[in-house]
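Work through the exercises below with the model open. Try each task before reading its solution.

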Amino acid sequence: MRTQSSATAPTRIAVSGPTKASAGTLQAALGVIAFSLTFPATAWGLEGFGPWSLVAVRSVLAALIAGGCLLAVGVPPRERSRAWGRVPLPTRSHWPGLAVVAAGVVVGFPLLTTLALQTSTTAHAAVVVGLLPLTTALLSALRVGTRPSRTFWTAALAGAAAVVAFTVQQSGGALTSADLYLFAALLVCAAGYTEGGRLARVMPGWQVIGWALVLCLPLTVPAAALALAYEPVQLTAHSVTGLLWVAAGSQFLGLVVWYRGMAAIGIPKASQLQLAQPLLTLVWSVLLLGEHLTVAAPLTAAAVLVCIAVTQRARG
């Protein structure tokens, strides 16, 4: 009897720890880039849609994309008895966490920030994502039990302070009526990120956001129909582009790589990459919306990059 030679035998290549961490950091960074375009894209979308219509329609479109992916991806034959389409259904213990992701990331944050952007500039709204990494790390410590080091917290606080100071300075230092929306959005999004990062350790990250979006369909479909009936719609290049980006880029693809990154490198460290998000948002605001930046931008960027480097090297 002939045996399979070593030359033709299948081999498995193990992924080393540093390689996995680098891939996770890259994925989380891609998520941050996608998220940094959310506020400018939302501002474009508001040129042709009402706030309720924009949020509801973006969620429905993102759910259709996610549902298509859930139907298209195959699973092993032994698991098909408990699959929706071709992807295994989440276990009963995962549904509460998915509900938190849906409430925070799919509905809460998009709705609250869209309402805020009706009266706030993107520069002022960027204070939310400036505080989001610190809030996510705090909720992660409470929910998941992570205990980052003192160096980590010092760098995180310094980076958050730099971003907040910069974004407040950009808006002239004045608080607006949109602040309540922004701070509420901060809390619900941090909760959604924390639960999503926890679930991404036991199921693929794209399935986390995919199931959360599908879970919201019974709410978002009638909401979209009702909002479109009462809010005027003007289809322009800006409004359609903005809608498509917040649906496909921010609401689905960005969250897919974001949750995968969090699962690979940990929620606290991944969240600190978002310290760069407000600055990226301000760059897009200049290029896409014509807003103007002050000379404080490069100084803040340098401070934020230093903080990110420290938090990425700090060990909890």
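**Exercise 1. Place Trp 258 and its ring partner.**
Task: decide whether Trp 258 is buried or exposed, then describe its pairing with Tyr 193.

Solution.
Step 1. Trp 258 has a relative accessible area of 0%, so Trp 258 is buried. The cut-offs: buried is under 20% relative accessible area, exposed is over 50%, and partly exposed is in between (1.4 Å probe, protein chains only).
Step 2. The model is predicted: local features need pLDDT of at least 70, side-chain atom pairs count only at pLDDT 80 or more, and totals for chains, interfaces and linings use all residues. Residues are numbered from 1 along each chain as its sequence is written, and side-chain values use heavy atoms, with hydrogens and water left out.
Step 3. Tyr 193 is also buried, at 5%.
Step 4. Tyr 193 and Trp 258 form a tilted aromatic pair, 5.5 Å centre to centre, with 55 degrees between the planes. Rings of Phe, Tyr and Trp (its six-membered ring) pair if their centres lie within 6.5 Å; planes under 30 degrees apart are stacked, over 60 edge-to-face, the rest tilted.
Step 5. Tyr 193 sits in helix H7 (residues 179-199) and Trp 258 in helix H10 (residues 237-265), so the pair ties together parts 65 residues apart in sequence. Helices are DSSP runs (H or I, at least four residues), numbered from the N terminus.
Step 6. Ring pairs join Phe 35 to Tyr 193 and Trp 258 in a cluster.

**Exercise 2. Analyse the salt bridge.**
Task: which residue forms a salt bridge with Arg 198?

Solution.
Step 1. The partner is Glu 195, with the closest N and O atoms 2.9 Å apart. The criterion is a side-chain nitrogen of Lys or Arg within 4 Å of a carboxyl oxygen of Asp or Glu.
Step 2. The two residues are three apart in helix H7, so about one helical turn separates Arg 198 and Glu 195.
Step 3. Arg 198 is partly exposed at 23%, whereas Glu 195 is buried at 7%.
Step 4. The structure holds one salt bridge.

**Exercise 3. Find the two sides of H9.**
Task: which residues of H9 are buried, and which are exposed?

Solution.
Step 1. Thr 220, Ala 224 and Ala 227 are the buried residues of H9.
Step 2. They cover an arc of only 80 degrees around the axis, so they lie on the same side of H9. The arc is taken from the directions from the helix axis to the C-beta atoms.
Step 3. The buried residues of H9 pack against helix H3 (51-72); contact means heavy atoms within 4.5 Å.
Step 4. On the other side of H9, Pro 218, Ala 225, Leu 226, Ala 229 and Tyr 230 are exposed.
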